[in-house]
Amino acid sequence: MRPRVTMVLAVVAVLVGGGLLVPAAYAKLSGGDGLSTLGGVGAGAEQVPAPSPTAPPPPTLADAPVSVNFKGQFFSWALMDRKTGAVTGAKNMSQTSSTESMLKTWIVSDYLRQLGDEEPTAALKKAASVAIRDSNDDGANRVYREAGGSYKPLPGNKLNPVLQRAVKICGLTDTKAGTVPAYLGWWSFTQMSPRDAVRLGDCIADGKAAGPKWTKWVLDEMANVRGSIKSQQAKSGGGKWGIVDGLPASIRSQGPVSIKNGWTQLVYDGNWHVNCLAVTDKWSLAVMMRYPGSAGLSYGSKVCASVATQLVTPQPGAALKVPQQPVGKL
């Protein structure tokens, strides 16, 4: 009986020994330490840190549905993403309306670009400044003449050379001379579309309009437009309203917002012609409209602000997105 017992014990020893040797051999082949990491359990498990909440990107303006309960003859808007050059907006963003004082930014830019590195006289520099900051008509008219502008209609009602340069330099496609008989040749009656207006804003901001020496100066003047809707005079007026009123502090704090509005209640049709233009390093936005004079200038200002607010992306109060945490690594 003793030999059988000895044999049985030997077999058991081999089996037990083999069972102990297999994991060690596997570990040598696989380069591991022989301990299982299945389910992330064990000394060799890789610890995966819990992901942090993903913060939304800084707010900006981006294409989005816009709904305005507008009561008037014409309403349209356009937005340019200045990083890509893409222009989006209302379906009728290629239709035109009179520019009014919004065009003063181009008149000043065109004059200064022609100067190059030269300095204007103190009087002309002051005229250029108040043309933008206070929407001063006398200042704008003086700069317009110095830039080569004329109020005499050209054959075929072509654009004046000052405005022809805007079309060529800024790549405008819809801009044309005004057609109201009593105002032929007047720069303020130039017809421009919202999509051309945002191209004009981009052209001013990227330096093509005013040139390398004067671009920052023009943008600074636009960023320092002053006066409210209530401060209106016969040949100038407060123009700090509209799009800027619709921008949250989180956008305004990112950098200067350069603006130039245009507004006139015209006798020939009884409408307010109101335009809002704003440009930053990221986007250019224009809103243009015509509506009954009885509604007042504040109505147009609120429409411009509403469009800007609806384009803010992400909208204020958007929840943080938290990615799903993985269980572990096999």
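Q: A polar contact is a pair of N or O atoms within 3.5 Å; within protein, one must be able to donate a hydrogen and the other to accept it, and residues adjacent in sequence count only if both atoms are side-chain atoms. Which residue's backbone oxygen does the side chain of Ser-109 reach?
A: This is a predicted model, with residues numbered from 1 along each chain as its sequence is written; local features need pLDDT (the predictor's confidence in each residue, from 0 to 100) of at least 70, side-chain atom pairs count only at pLDDT 80 or more, and totals for chains, interfaces and linings use all residues. Side-chain values use heavy atoms, leaving out hydrogens and water. Ser-109 lies in helix α2 (residues 104-115); helices (H or I, at least four residues) and strands (E, at least two) are DSSP runs, numbered from the N terminus. At 2.8 Å, the Ser-109 side chain reaches the backbone oxygen of Thr-105.

Q: Is Ser-109 buried or exposed?
A: Contact means heavy atoms within 4.5 Å. Leaving aside neighbours within four places in sequence, Ser-109 is in contact with Ile-204, Ala-209, Ala-210 and Val-218. The cut-offs are under 20% relative accessible area for buried and over 50% for exposed, with partly exposed in between (1.4 Å probe, protein chains only). With a relative accessible area of 0%, Ser-109 is buried.

Q: How far apart in space are Asp-117 and Lys-213, C-alpha to C-alpha?
A: Asp-117 is found in the loop between α2 and α3 (122-133). Its relative accessible area is 68%, so Asp-117 counts as exposed. In sequence, Asp-117 and Lys-213 are 96 residues apart, yet their C-alpha separation in space is 6.4 Å.

Q: Which residue's side chain makes a polar contact of 2.7 Å with the side chain of Ser-98?
A: Ser-98 belongs to strand β4 (residues 97-98) and is buried, at 1% relative accessibility. Its side chain has a 2.6 Å polar contact with the side chain of Glu-100. Beyond residues up to four places away in sequence, Ser-98 touches a set including Phe-189, Gln-191, Asn-275 and Met-288. The 2.7 Å side-chain partner is His-273.

Q: How far apart are the end C-alpha atoms of helix α6?
A: The expected span of a helix is 1.5 Å times one less than its number of residues. For the twelve residues of α6 (residues 194-205), that gives 16 Å. The model agrees, with its end C-alpha atoms separated by 17 Å.

Q: How many of the twelve residues of α6 are buried?
A: The buried list has some polar names on it, including Asp-196, Arg-199 and Asp-202. Helix α6 is largely enclosed by the rest of the structure because the buried count is eleven.

Q: What is the order of the strands in the open sheet of five?
A: Two strands pair if DSSP finds at least two bridges between them. Eight bridges join β2 to strand β8 (residues 283-292), while three join β2 to strand β3 (residues 87-89). On the other side of the picture, β6 and strand β7 (residues 271-279) pair over eight bridges. The pairing is antiparallel and the order is β3-β2-β8-β7-β6.

Q: Which strands stand at the edges?
A: Each edge strand has a single partner strand, so one side of it is left without a neighbour in the sheet. That applies to β3 and β6 (258-265).

Q: What angle does the direction of α6 make with that of β8?
A: Axes are lines fitted to C-alpha atoms, for helices over the stretch in contact, and angles run from 0 to 180 degrees between N-to-C directions. Neighbouring strands of the sheet are turned by 10° against each other on average, direction ignored. Helix α6 packs on this sheet, touching β2, β3, β7 and β8, and its angle with β8 is about 140°.

Q: Which residue in the hairpin of β2 and β3 takes a positive phi?
A: Strand β2 (residues 74-81) has seven of its eight residues buried, so it is largely enclosed by the rest of the structure. Its residue Met-80 has Val-87 as bridge partner in β3. Five residues lie between the two strands, and the one with a positive phi near 85° is Gly-85.

Q: What is the mean pLDDT of the protein chain?
A: In the chain, 80% of residues reach 70 or more, and the mean is 86.

Q: Over which residues, besides 1-41, does pLDDT stay under 50?
A: Residues 1-41 have pLDDT below 50 and 15 contacts beyond near neighbours in sequence. Where pLDDT is low, the predicted coordinates should not be read in detail. The other such stretch, with 18 contacts beyond four places in sequence, is residues 319-330.
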